[in-house]
Amino acid sequence: RAGRGSTILFPRGAYVVANFTVKNRAGLTFLGEGRESVNKQKSGAERFATFDGPSDIVITKLGFDANGIPSYGGVVFYAMNNLRIEENWFWDSAPKPVQGNDRYSFVIGKGSAPSQNLRIVNNMIDDLQLEVNHSKQVVIDRNVVNRAVKTAGIGIFTVGDNAIAEDYQITNNRIVDSLGAGLSVGIDPPSDGQCIFRRIIIADNQVVRTKTAGYGVRVGTPNNSKKTAGNIFEAIQIKNNRLRIEAGAPPAAQMIFANASDTSGITFTGLTVVGNILENNAPRGKDFAVDLRRVQNSVVAENRIKGFTNGIALSSALSNEIRNNEVDADGVAYALEESLGGNRAVKNRVIGQPRLAWKLTPVRETDSVEK
């Protein structure tokens with residue numbers, strides 16, 4: 001029985017693993033010798049392992065082969081305190097056809113208490129997704145996620161009422177051809193209520209689409225026709241990301257999407273969308289590249305958008321600043337719709353000859369729009 005401070009070593013080789021459980025343990029390191037130290041999920045097993053309530057856990061330099069899981073699986077954590085996941089490799093050597101369910105690598109689930117102090121750094125994940133829910137003080141940095149299944153390459157979701165996600169730094173990750181969003185932060189299931197998303201930084205990431213369609217960064221709800229109540233989205237920063245759609249990919253969807261509606265009841269307060277580069281080389285879809293709904297006291301600035309039908313749209317917006325953006329679009333460059341007043345737009349540039357530089361339907365006396 002390994003005590004606090006123990007290292008469990010996995011020399012090079014293959015280890016068949018099924019539903020391994022670590023409960024209420026502390027101070028353990030799981031160490032491999034690189035990708036050739038392979039934990040292979042046993043065929044038919046629910047998941048690799050479950051960590052429930054431990055603290056001070058390190059998982060590093062290990063390979064994980066999902067071995068044809070039809071859904072979910074992965075290494076699952078609940079109510080963690082102090083977790084470091086670094087320099088691991090996750091893949092599926094026998095992938096099944098994509099159907100309706102998620103397939104996980106590492107997933108932080110909604111346990112009896114929020115997980116805290118998590119570092120998920122420099123991992124390689126193929127054909128699976130990374131999900132970190134109901135947590136505080138989280139760093140997700142320098143991971144590569146290829147061809148994630150269903151919901152998102154990197155996701156933060158509620159998975160029930162009264163969930164919390166606070167003080168996340170999601171930085172320097174590369175996400176390629178996710179079947180869902182590249183990065184998603186929000187209510188899922190979409191009827192969840194009384195949830196908090198606060199102080200989340202999404203910065204310096206790359207989302208690339210070469211073969212798939214879908215969102216780049218989505219916050220809010222996946223379905224704004226579902227009624228919710230009491231959800232807070234506050235001080236979320238989306239900055240300096242590069243979102244690129246390659247030639248040969250399907251038509252573009254929204255690349256930065258704050259999804260809400262009167263029905264969903266979500267309002268984004270203090271949202272920052274700054275310094276992002278959005279490039280589309282595929283056929284032009286009908287959506288706005290940046291589509292922000294029900295935002296207030298927020299900033300949209302210094303973004304560069306090229307190759308989309310429509311550029312930047314704010315709807316049901318209150319007291320926001322839109323400045324120094326550059327849009328190359330052939331439809332509508334900028335839109336301010338159903339304004340609630342107090343919005344200021346200045347020094348925004350239009351490249352080329354769009355059908356309409358500004359769509360204003362309508363503006364209020366307290367709005368100031370420099371065309």
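**Aromatic pairs, pockets and backbone oddities**

The charged end of R35 sits over the ring of W91, at 4.2 Å from the ring centre; the criterion here is NZ of Lys or CZ of Arg within 6 Å of the ring centre and within 35 degrees of the ring normal. The model is a predicted one, with pLDDT of at least 70 needed for local features and 80 or more for side-chain atom pairs, while totals for chains, interfaces and linings use all residues. Numbering runs from 1 along each chain as its sequence is written, and side-chain values use heavy atoms, with hydrogens and water left out.

On to the rings. The structure holds 14 aromatic pairs, a pair being rings of Phe, Tyr or Trp (its six-membered ring) with centres within 6.5 Å, called stacked for planes under 30 degrees apart, edge-to-face over 60 and tilted for the rest. One of them is F51 with F77, stacked at 5.0 Å centre to centre and with 25° between the planes. This pair links distant parts of the chain, with F51 in strand β6 (residues 49–52) and F77 in strand β9 (residues 75–78), 26 residues apart. Strands (E, at least two residues) are DSSP runs numbered from the N terminus, as are helices (H or I, at least four). F51 and F77 are both buried, where buried stands for under 20% relative accessible area, exposed for over 50% and partly exposed for anything in between (1.4 Å probe, protein chains only).

F64 and F90 make another pair: their ring centres are 4.9 Å apart and their planes are at 15°, so this one is stacked too. F64 lies in strand β8 (residues 63–65) and F90 in strand β11 (residues 89–91), so parts 26 residues apart in sequence get tied together. Both rings belong to buried residues, F64 with a relative accessible area of 6% and F90 with 1%. The four phenylalanines also turn up in one aromatic cluster, made of F30, F48, F51, F64, F77, F90 and F106.

Next come the empty spaces, mapped on a 1 Å grid over the protein atoms alone: a cavity is a set of points where a 1.4 Å probe fits but cannot get out, a pocket is an open set with protein on both sides within 12 Å along at least five of seven lines, and lining residues have an atom within 4 Å of a point. Points are joined across faces, edges and corners, and the volume is the space filled by probe spheres set on them. The largest pocket comes out at about 360 Å³. Its lining counts 20 residues, and Y72, D102, Y104, E131 and V159 lie nearest the centre. Strands β9 and β12 (104–108) are the elements that give two or more residues to this lining. By type, the lining has eight nonpolar, five polar and seven charged residues, with Ala, Val, Leu, Ile, Met, Phe, Trp, Tyr, Cys and Pro taken as nonpolar, Asp, Glu, Lys and Arg as charged, and the others, Gly among them, as polar.

As for cavities, there is one of 30 Å³ or more, and the largest has a volume of about 40 Å³. Among its lining residues are F157, S184, D188, R218 and P222. Strands β21 (181–186) and β24 (217–220) are the elements that give two or more residues to that lining, which splits into five nonpolar, four polar and two charged.

The loop between β17 (144–146) and β18 (152–157) is home to K150, and T151 sits there as well. K150 is partly exposed, at 40% relative accessibility, whereas T151 is buried at 11%. Outside the four places either way in sequence, K150 touches G100, N101, D102, Q129, L179 and G180, contact being heavy atoms within 4.5 Å. K150 and L179 are 29 residues apart in sequence, yet their C-alpha atoms are 5.1 Å apart. With the same sort of neighbours left aside, T151 is in contact with residues including D102, Q129, F157 and D188.

The backbone has a few quirks. Most residues other than glycine have a negative phi, and most peptide bonds are trans. The bond from D188 to P189 is cis, with omega near 5°, and P189 is in the loop between β21 and β22 (196–203). Another cis bond runs from T361 to P362, with omega near -25°; P362 is in the loop between β41 (356–361) and β42 (368–369). K61 has a positive phi of about 60° and is partly exposed at 33% relative accessible area, in the loop between β7 (55–60) and β8. H134 has a positive phi near 50° and is buried at 6%, in the loop between β15 (129–132) and β16 (135–141).
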